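Student: Could you pick out one part of this model and take me through it closely? I'd like the cut-offs behind each term as you go.

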Amino acid sequence: MKTPLPAAASILVLLATARAFAPPLSTSARSPRTTSSSLPLSPYDISFLIADASEAVADVASAAVDAVVSNVDGDAASTAAEGASSAATDFTPSFSKASYYTTLALYAASFPGLWSQIKRSTKAKVKRKTYVSDGEGSKDGKDLRQQAGEIMAYMKANNYDVADAGETITFRGMVARSTSQAFFLTFCTALGMASLALVLQIQFQDLVLPVIGSPNWFYLVLLSPYAGIYYWRSGDRVDDIKVKLAESDDGSLNEVTIEGNDEEIERIWRTLELREKGMVKVEGILG
């Protein structure tokens with residue numbers, strides 16, 4: 001980096017510039033003798049020379065300042081670039097290993113739920129619930145025979161046949177496989193495999209296999225259609241619904257106990273307008 005000129009050098013520059021703008025001395029002026037032919041400088045000429053000299057000095061000083069400033073800016077930019085480069089080189093990411101491996105363990109513990117979801121899709125979720133309706137002892141109520149007839153008509157309309165008739169009536173029907181269910185399982189499996197691929201990509205960044213080199217874990221998503229294929233190959237399933245009817249002592253209520261597929265039970269009580277035992281039906285605001 002260049003340093004500014006010292007004071008003595010500046011004075012010499014000023015004198016040299018003033019000398020450069022001064023008119024040359026004639027031979028008679030250099031002679032010790034003076035003659036009447038030499039013309040003295042007027043005050044106007046002297047002021048003109050001083051103005052030219054000051055302008056020249058200002059130009060020289062401005063050029064020197066520009067050179068110093070450009071050198072300083074260049075050095076500052078170079079220093080900033082070197083600092084940024086060293087910062088980028090020395091940066092090392094840090095994280096809490098305890099938090100990372102805790103999250104990883106929770107993910108590994110929950111991932112088998114995806115396989116459980118695929119397995120349970122081919123089986124019915126069996127539940128047992130008890131519902132009540134108004135009996136013949138209540139106003140506008142139904143006796144057991146009428147209640148049983150409504151249940152029988154509903155089951156027949158949904159392709160259920162009577163498999164066993166006793167104290168408990170068993171209805172048996174065929175549940176067809178669902179295309180929407182197959183696509184839903186495929187979609188859920190794709191999301192699960194994508195999340196697994198992301199975890200493996202982070203955990204094994206430097207892994208190099210002998211034949212394929214660095215693996216692309218996101219190819220695991222291509223396995224997701226096999227979930228839908230597994231469900232579809234399971235085919236239609238046989239579904240049993242068991243119904244038991246009972247009447248309260250005073251005949252005001254009919255009790256209907258239903259055991260079977262959770263989804264089918266939900267449709268039955270909504271269609272037949274039953275109430276779950278122990279629950280109070282509250283009418284909505286809009287009716």
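What follows is a close look at strand β4 (237–247) and at the places where β4 takes part.

Tutor: Happy to! This is a predicted model, so to speak of local features we need pLDDT of at least 70, and side-chain atom pairs count only at pLDDT 80 or more, while totals for chains, interfaces and linings use all residues. Residues are numbered from 1 along each chain as its sequence is written, and side-chain values use heavy atoms, with hydrogens and water left out. Element names come from DSSP runs numbered from the N terminus: helices are H or I with at least four residues, strands E with at least two.

Let's begin with the salt bridges, meaning a side-chain nitrogen of Lys or Arg within 4 Å of a carboxyl oxygen of Asp or Glu. That rule gives 10 of them. In one, Asp 240 pairs with Arg 172 at 2.8 Å, N to O. This joins strand β4, where Asp 240 sits, to strand β3, home of Arg 172, across 68 residues. Both ends are partly exposed, Asp 240 with a relative accessible area of 29% and Arg 172 with 42%; on this scale buried is under 20%, exposed over 50% and partly exposed in between, using a 1.4 Å probe on protein chains only.

A second bridge brings together the side chains of Lys 244 and Glu 167, 3.4 Å from N to O. Lys 244 belongs to β4 and Glu 167 to the loop between β2 (160–164) and β3, so the two tie together parts that are 77 residues apart in sequence. Here the ends fall into separate classes: Lys 244 is partly exposed at 31%, whereas Glu 167 is exposed at 64%.

Lys 244 turns up again around Thr 257, a residue of strand β5 (253–261). Beyond neighbours within four places in sequence, Thr 257 is in contact with Lys 242, Val 243 and Lys 244, and also with Arg 128, Lys 129 and Thr 130; contact here means heavy atoms within 4.5 Å. With Thr 130 there is also a side-chain to side-chain polar contact of 3.4 Å, a term for N or O atoms within 3.5 Å, one able to donate a hydrogen and the other to accept it within protein, with adjacent residues counted only if both atoms are side-chain atoms. Thr 257 counts as buried because its relative accessibility is 14%.

Val 243 leads us on to empty space. On a 1 Å grid over the protein atoms alone, a cavity is where a 1.4 Å probe fits but cannot get out, and a pocket is an open set with protein on both sides within 12 Å along at least five of seven lines; lining residues have an atom within 4 Å of a point. Points join across faces, edges and corners, and volume is the space filled by probe spheres set on them.

The largest cavity is about 30 Å³. Around it are Ala 148, Ile 151, Met 152, Ile 169, Phe 171, Val 243 and Leu 245, with α6 (144–157), β3 and β4 each giving two or more. All seven are nonpolar, the class of Ala, Val, Leu, Ile, Met, Phe, Trp, Tyr, Cys and Pro; Asp, Glu, Lys and Arg are charged, and the others, Gly among them, polar.

β4 also helps line the largest pocket, about 550 Å³ in volume. Among its 24 lining residues, Ser 121, Lys 123, Arg 237, Asn 261 and Glu 263 are closest to the centre. Two or more come from each of β4, α5 (112–120), β3 and α9 (262–271). The pocket lining has six nonpolar, eight polar and 10 charged residues.
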